[in-house]
Amino acid sequence: MPRRSPGLKRHLGRLGAPALGLGLLLAAGEARAGLQDLLIRQFCLAAIREEVAHTGKPAPPELATSTCDCVVERINAGMDLEAAKQVCLSRARERFGL
C-alpha cells in the first residue's frame, strides 16, 4: 500500500474545516431563504383570505396559491413587497376576472 506524504494529509485537514463551514453556511442560507418564502406566503395567504372574506363572494380555488407564489417569486427577484403585491394583484384580477 503506498504511503501518503504527511504534508498532503495536513493540507487536506486544513481544507476540511473551511469546506465544512462553507457547506453549513450554504445550507443555512438555503434554509433561511426557504423560511423567508414560507413567511411571505403565510402572510400573503392570510391577507387574501381576509380580503375574500370581506367581499362575501367565493374565490377561485387557485387564487391565493397563484397570487402568493407570484409575490414570493417577485420578491426573490429583487422587487420590493409593495411592487410585488401590485403586480401580482393585477395579474390575479386579469387571470380570475376579479
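Me: Which residue forms a salt bridge with Lys85, and how far apart are the closest N and O atoms?
Reply: Side chains of opposite charge can pair when their charged atoms come close. A salt bridge is counted when a side-chain nitrogen of Lys or Arg lies within 4 Å of a carboxyl oxygen of Asp or Glu. Here the partner of Lys85 is Glu82, and the closest N and O atoms are 3.3 Å apart. Please note that this is a predicted model, in which local features need pLDDT of at least 70 and side-chain atom pairs count only at pLDDT 80 or more, while totals for chains, interfaces and linings use all residues. Residues are numbered from 1 along each chain as its sequence is written, and side-chain values use heavy atoms, with hydrogens and water left out.

Me: Where do Lys85 and Glu82 lie, and what separates them?
Reply: Helices are DSSP runs of H or I with at least four residues, strands are runs of E with at least two, and both are numbered from the N terminus. Lys85 and Glu82 are 3 residues apart in helix H3, so about one helical turn separates them.

Me: Are Lys85 and Glu82 buried or exposed?
Reply: A residue is called buried under 20% relative accessible area, exposed over 50%, and partly exposed in between, with a 1.4 Å probe and protein chains only. Lys85 is partly exposed because its relative accessibility is 33%. Glu82, at 44%, is partly exposed.

Me: How many salt bridges does a search of the whole structure find?
Reply: The search finds 2. In the pair not yet described, Arg41 meets Asp69, with 2.9 Å between the closest N and O atoms. Arg41 belongs to helix H1 and Asp69 to helix H2, so this salt bridge ties together parts that are 28 residues apart in sequence. Arg41 has a relative accessible area of 26% and is therefore partly exposed; Asp69, at 27%, is partly exposed.

Me: How many helices and how many strands make up the secondary structure of the chain?
Reply: The chain has 3 helices and 0 strands. Read from the N terminus, the order is α-α-α.

Me: How many disulfides does the structure hold?
Reply: A disulfide is a covalent bond between the sulfur atoms of two cysteines. In a model, it is assigned when two cysteine sulfur atoms lie within 2.5 Å. This structure holds 2. One of them joins Cys44 and Cys68, with sulfur atoms 2.2 Å apart. That pair links distant parts of the chain, since Cys44 is in helix H1 and Cys68 in helix H2, 24 residues apart. The torsion about its S-S bond is about -90 degrees, so the disulfide is left-handed. Cys44 is buried at 13% relative accessibility, and Cys68 is buried at 0%.

Me: How far apart are the sulfur atoms of Cys70 and Cys88?
Reply: They are 2.0 Å apart, and the two residues form a disulfide. This pair, too, links distant parts of the chain: Cys70 sits in helix H2 and Cys88 in helix H3 (residues 81-96), 18 residues apart. With -80 degrees about the S-S bond, the link is left-handed. Cys70 is buried at 7%, as is Cys88 at 2%. With bonded cysteines counted along the chain, the disulfide pattern is 1-2, 3-4.

Me: Which residues does Thr67 touch, not counting those up to four places away in sequence?
Reply: A contact means heavy atoms within 4.5 Å. Under that count, Thr67 touches Cys44, Ile48, Cys88, Leu89 and Ala92. Thr67 lies in helix H2 and is buried, with a relative accessible area of 4%. Its side chain also reaches the backbone oxygen of Leu63 at 2.7 Å.

Me: Which elements of the chain have the lowest and the highest mean pLDDT?
Reply: The pLDDT is the predictor's confidence in each residue, from 0 to 100. Helix H1 (residues 6-55) has the lowest mean, 66, and helix H2 (residues 63-76) the highest, 92. Over residues 7-17 the pLDDT is below 50, and this stretch has 0 contacts in the model beyond near neighbours in sequence. Where pLDDT is low, the predicted coordinates should not be read in detail. The chain averages a pLDDT of 75, and 66% of the residues score at least 70.

Definitions and conventions
Polar contact = N/O pair within 3.5 Å; in protein donor to acceptor, adjacent residues only side chain to side chain.
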